[in-house]
Amino acid sequence: RYDTAYQFGICGTFREDIPLGSVVRIGADGYSDLGAETDREPINLFEMGLLTENDFPYEGGRVFAGASVPSLIASIPEVVGVTVQ
């Protein structure tokens, strides 16, 4: 049994105001390449009709971090992330 789980990773950034090597906290995340590819473009699970954007664990097509954040973690800047495989 556990009360809390933390996931750590190394990432890049699309934002010029966040220098590479910065520590950030992901408040919401999306999965940009989870789906299929057509002859024209990639399509996600929602466009394929496999899930709706509000099926668990998604809310509006994103996965959100838990509501309670310890004060040490809360002091880390929060950003929206995108996960790729």
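Where does Pro57 lie? Pro57 sits in the loop between strand 3 and strand 4, and the close-ups below begin there. Please keep in mind that this is a predicted model.

**View A. A cis peptide bond leads from Phe56 into Pro57.**
Look along the backbone from Phe56 to Pro57, where the omega angle is near 5°. Pro57 belongs to the loop between strand 3 and strand 4. Its relative accessible area is 38%, so Pro57 is partly exposed. Leaving aside residues up to four places away in sequence, Pro57 touches Arg62 and Val63. To get your bearings, you can also find Gly35: its C-alpha atom and that of Pro57 are separated by 16 Å, and the two residues are 22 apart along the chain.

**View B. Tyr31, Phe46 and Tyr58 form one aromatic cluster.**
A pair of aromatic rings is described by the distance of the centres and the angle of the planes. In this model the count comes to 2 aromatic pairs. For Tyr31 and Tyr58, the ring centres are 6.5 Å apart and the planes stand at 90°, so this pair is edge-to-face. The pair links distant parts of the chain, with Tyr31 in strand 1 and Tyr58 in the loop between strand 3 (42-44) and strand 4 (63-64), 27 residues apart. Phe46 and Tyr58 also form an edge-to-face pair, with 5.1 Å from centre to centre and 90° between the planes. Here Phe46 and Tyr58 both come from the loop between strand 3 and strand 4, and they are 12 residues apart.

**View C. How open to the surface are the members of the aromatic cluster, Tyr31, Phe46 and Tyr58?**
Tyr31 has a relative accessibility of 35%, so it counts as partly exposed. Tyr58 counts as buried because its relative accessibility is 10%. Phe46 is buried as well, as Phe46 and Tyr58 both fall into that class.

**View D. Arg25 and Glu78 meet in a salt bridge.**
The closest N and O atoms of Arg25 and Glu78 are 2.7 Å apart, and the two side chains are also joined by a polar contact of 2.7 Å. Glu78 lies in strand 5 and Arg25 in strand 1, so the pair ties together parts that are 53 residues apart in sequence. Is Arg25 buried or exposed? With a relative accessible area of 17%, Arg25 is buried, because that value is under 20%.

**View E. The surroundings of Arg25 include the backbone of Ile76.**
Arg25 is found in strand 1, which spans residues 25-31. A polar atom of the Arg25 side chain lies 3.5 Å from the backbone oxygen of Ile76. Which residues does Arg25 touch, not counting those up to four places away in sequence? They are Val69, Ile73, Ala74, Ile76, Pro77, Glu78 and Val79. Two of these names may be familiar by now: Ile76 offers its backbone oxygen, and Glu78 is the salt-bridge partner of Arg25.

**View F. Arg15 and Asp17 are joined by a salt bridge.**
The structure holds 3 salt bridges, and this view shows the one between the side chains of Arg15 and Asp17, with an N to O distance of 2.7 Å. Arg15 is partly exposed, because its relative accessible area is 42%. Asp17 has a relative accessible area of 55% and is therefore exposed.

**View G. Asp39 and Arg40 form a salt bridge.**
In this pair the closest N and O atoms are 3.8 Å apart. Asp39 and Arg40 are both exposed, whereas Arg25, seen in View D, is buried.

**View H. Phe14, Val82 and Val84 make a nonpolar surface patch.**
The patch has an area of about 360 Å². If you follow the chain past strand 5 (78-83), you come to the segment that holds Val84. Val84 is exposed, because its relative accessible area is 56%. Phe14 and Val82 are its partners in the patch.

Notes
Residues are numbered from 1 along each chain as its sequence is written. This is a predicted model: local features need pLDDT of at least 70, side-chain atom pairs count only at pLDDT 80 or more; totals for chains, interfaces and linings use all residues. Side-chain values use heavy atoms; hydrogens and water are left out. Patches are made of residues with over 30% relative accessible area and no salt bridge: like charges are joined within 9 Å, nonpolar side chains (Val, Leu, Ile, Met, Phe, Trp, Tyr) within 5 Å. Accessible areas come from the Shrake-Rupley method with a 1.4 Å probe; for residues, only the protein chains shown count as cover. A salt bridge is a side-chain nitrogen of Lys or Arg within 4 Å of a carboxyl oxygen of Asp or Glu. Helices (H or I, at least four residues) and strands (E, at least two) are DSSP runs, numbered from the N terminus. Buried means under 20% relative accessible area, exposed over 50%, partly exposed in between (1.4 Å probe, protein chains only). A polar contact is a pair of N or O atoms within 3.5 Å; within protein, one must be able to donate a hydrogen and the other to accept it, and residues adjacent in sequence count only if both atoms are side-chain atoms. Contact means heavy atoms within 4.5 Å. Rings of Phe, Tyr and Trp (its six-membered ring) pair if their centres lie within 6.5 Å; planes under 30 degrees apart count as stacked, over 60 as edge-to-face and the rest as tilted.
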